Amino acid sequence: MSVRPPSPAIETLLRDLGPSLHRGASPTFPPTRCPTGLPGIDRLLDGGFPRGRLSEIAGSACCGRTSLALALLARTTAAGEVVALVDGADAFDPPSAAAAGVDLARVLWVRTSEVLCALHSTEHLLAARGFALVLLDLAPGHQTPARIPSSAWSRLRRTAAGTDTALVVLGDRRLTDTFADLAIEMRGAKPRFQGTPTLLEGLDGKVQLVRNRLGPHDCAVAVRWQNASAA
Amino acid sequence: MRIACLLVSDLPLAAELRAHPELQGVPLAIASGAGSRAEILSISPEAARGGVRPFTTVVHGRAACAELCVRVASPALERAARDALLDAALSTSPRAETAPLSSGIYAAEAAVYIDARGITSLFHSEAGFAGALIARAEKLGLPAVAAIASSRGVAHIAARKCTGAPGATKVLPPGDDASFLAPLPIDLLNPEDELAESLTRFGIHRVRDLTRIPERALVTRLGGRARKLLNLARGEESAPPISTPSRTLFEESTDLDAPLSHLEPLLFVLRGMISRLVTRLECRALACGDLDLDLDLEGGQRDARRIGVASPTLDPLVLVRLAALSLESRPPPAPIESASLATTGSPLRSDQLDLFRPAGPTPAVLSQTLAELEALCGPGRIGAPVVSDSHRPDTYAMAAFVPNSGAGSLTRDGDARDGDAHAGLSHGSLAVRALRPPVPARVQASLGSPEWIRSALANGEVIRSAGPWRTTGGWWSREERFAFDHFDVQTSDGLVVRLRLDLITGCWQIDAVYD
């Protein structure tokens, strides 16, 4: 049986649709993202933290990791979505979050000081679905952090997959090993004291994308965190 | 006036079978107490076929039927069954009331009266309404009969006449009450014993005999009680119209056969109670909100607790899980002898989805998740953060997490809070991490400014500092007053912290870290 050549109308349609048209294979849609609202960082992350995946923000104290986390919370709650914060260090400061633009009414704050309790709570929140973002803060205050078995990360990653929730872990160092699909490290923060009288105007640092299963990595962007009370 | 009477002829038996449906089809006897000499109050049809008779002792019953299952009459179950009967009635009409308790041979019955005026607009006929009443009662686990007449008394008597056939109904057309009553024996009017004896002595055996006697002569000889009986015999009623009940409390109770000291059997009992409670609420188009669980413990103690339900629900599994979490986190201190559950019933909340706002977690799932989190993390540690209206910098509060309550502002995807035109430099807001409790520090200060810090967190020379910023308040109360001098300092070990001097105690502390 001979194959009829396609009609001119179909040829025109195929030409107009251009690269958005896929033939044969089922289309793969990129995962939706939770943007931070900071254009440079969102470009670095290809739109934001991926939903349904495990991501990580690592960095030593005073590097800007909490500021980045609050920016993420602010952007997500501003879009009308609800988020959950599992505060394993009991370090969340509501006035600071409100100053960063977080809609506190859309934040479920889970306060715990035990790491295992924080991991279990995270799993419950992922299973509940409906949260756009679950932020697991494991950056310690001044206590020695407990060791977390890698099976816990595997379990959390599996639970997050298939949901529409971005799971972001905050730590003072890389905690999730190879289980995170995206990992960034906050580096080289320098405080800025300026003015008369002297004020802490902010921190300057760098955000380095060190792991990205969904795209290129080893990129960095400079970031300046401004102290709202000094403005 | 048209009144319907929904009647359960054997309440102790019906209440037991409602709570323990697995006893259906089993020879069952309800006894007045524990022990072999207790009197049998009610028997199931299977027990009757086995030769057991009411008002004999348990030992006689067991001799007649070896498989006889004997349960002690439970006032708690009967109370719940009576309330369930009223719920069945209220699900069809807003005006219903429980009939006064009967005595004598009708002591075991339970009845409710329902205002049946205008009911044909919903149920097509009074017979259909009576059938619907029976169906609603059966759904709540109560086998009932129903009758409709022009007064409470006549409807009650007509319902008593139906008790031979389960699910039977009787509708007396308007004006037929007197002719219906006339051939009936006087006993159906349930006169007091002394009055019944007098009527028998006078040879009055049927209702028609009573109605033929002039009222004056009857009252002169037998007293005021006879007037009431005569009015009933004529089908006349002087009681006020049935009103809408004000009760909104739904309660289920049970007395346990033996004290329970483990959680699993208690949850099994609670599961049944919650299931019955939910069925009653559903019948009344309500959902279960907060639950009050009262446990009577061995030794006379009592454990009363409220199980919070974030969103009214009709899912018994959610309610059982919440009860389990509450009992696991705070177990009763002694074995449990009886349990009761109560709730006020809340309208089912239907969440209106917003076209422009993403939906959050479903209310039922959220309720369960919050309860599980509270069981994991402890009470008072789950909620939405709130900025306290206070000058004290380390205060915070938590409110109940209600996801759709915040107005918020919707920003379009194109909006960005970074307006800096410098390429590659992103701007954001600097945050702090609170230290709870604040970390004590030993500080060497000069002219009021810190120069050296030694603490569990930051150590070394102070390279840069800003401050002091003085904050005071609560001066009117010894417990609430505070006075701090805050400094933002950078130490030689690379940390940027918020240091404070408590002016009242003279102590230095680190209360936050800039991060």
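What follows is a conversation between two people about a predicted model of chains A and B.

Colleague: What makes strand 16 and strand 21 of chain B a pair?

Modeller: Two strands count as paired if at least two bridges are found between them. Strand 16 (residues 432-446) and strand 21 (residues 508-514) of chain B have six bridges in the antiparallel sense, so by that rule they pair. You can find Val432(B) opposite Tyr514(B) of strand 21.

Colleague: And how do you know that strand 16 also pairs with strand 17 of chain B?

Modeller: By the cut-off of at least two bridges: six join strand 16 to strand 17 (residues 449-455), and these strands run antiparallel. Ser446(B) has Ser449(B) of strand 17 as its bridge partner. The two strands form a hairpin with two residues between them, and there Leu447(B) takes a positive phi near 55 degrees.

Colleague: What makes a positive phi worth pointing out?

Modeller: Most residues other than glycine have a negative phi. Chain A offers another case: Cys62(A) is not a glycine, yet has a positive phi of about 65 degrees. Look for Cys62(A) in the loop between strand 3 (54-58) and helix 3 of chain A.

Colleague: Why is the bond from Arg436(B) to Pro437(B) called cis?

Modeller: Its omega is near 0 degrees. Pro437(B) belongs to strand 16 of chain B. The bond from Gly467(B) to Pro468(B) is cis as well, with omega near 10 degrees, and Pro468(B) sits in strand 18 (residues 460-473) of chain B. Most peptide bonds are trans.

Colleague: Why is the largest empty space called a cavity, and what volume does it have?

Modeller: The name applies because a 1.4 Å probe fits there but cannot get out. The volume is about 90 Å³, and the count of cavities of 30 Å³ or more comes to three.

Colleague: Which residues line the largest cavity?

Modeller: There are 13, and Thr66(A), Leu70(A), Phe92(A), Asp137(A) and Arg433(B) lie nearest its centre. Helix 3 (65-78) and strand 6 (133-137) of chain A, along with strand 16 of chain B, each supply at least two lining residues. Helix 3 of chain A gives the most, four. By character, the lining has nine nonpolar residues, one polar and three charged.

Colleague: How do you know that chains A and B are in contact?

Modeller: Contact requires heavy atoms within 4.5 Å, and 69 residues of chain B are in contact with 74 residues of chain A. The area buried between the chains is about 5800 Å², with carbon and sulfur atoms giving 59% of that area.

Colleague: What makes the meeting of Asp515(B) and Arg65(A) a salt bridge?

Modeller: The rule asks for a side-chain nitrogen of Lys or Arg within 4 Å of a carboxyl oxygen of Asp or Glu. Between Asp515(B) and Arg65(A) the N to O distance is 2.6 Å, so this pair qualifies. Across the interface of chain B and chain A, four salt bridges are found.

Terms used:
Residues numbered from 1 in each chain as written. Chains lettered and ligands numbered in written order. Predicted model: local features only at pLDDT ≥ 70, side-chain atom pairs only at ≥ 80, totals over all residues. Heavy atoms only, no water. 1 Å grid on protein atoms, 1.4 Å probe; cavity = no way out; pocket = protein on both sides within 12 Å on 5 of 7 lines; lining within 4 Å. Points joined across faces, edges and corners; volume = space filled by probe spheres on them. Nonpolar A, V, L, I, M, F, W, Y, C, P; charged D, E, K, R; others polar. Buried area = accessible area lost by both parts, 1.4 Å probe.
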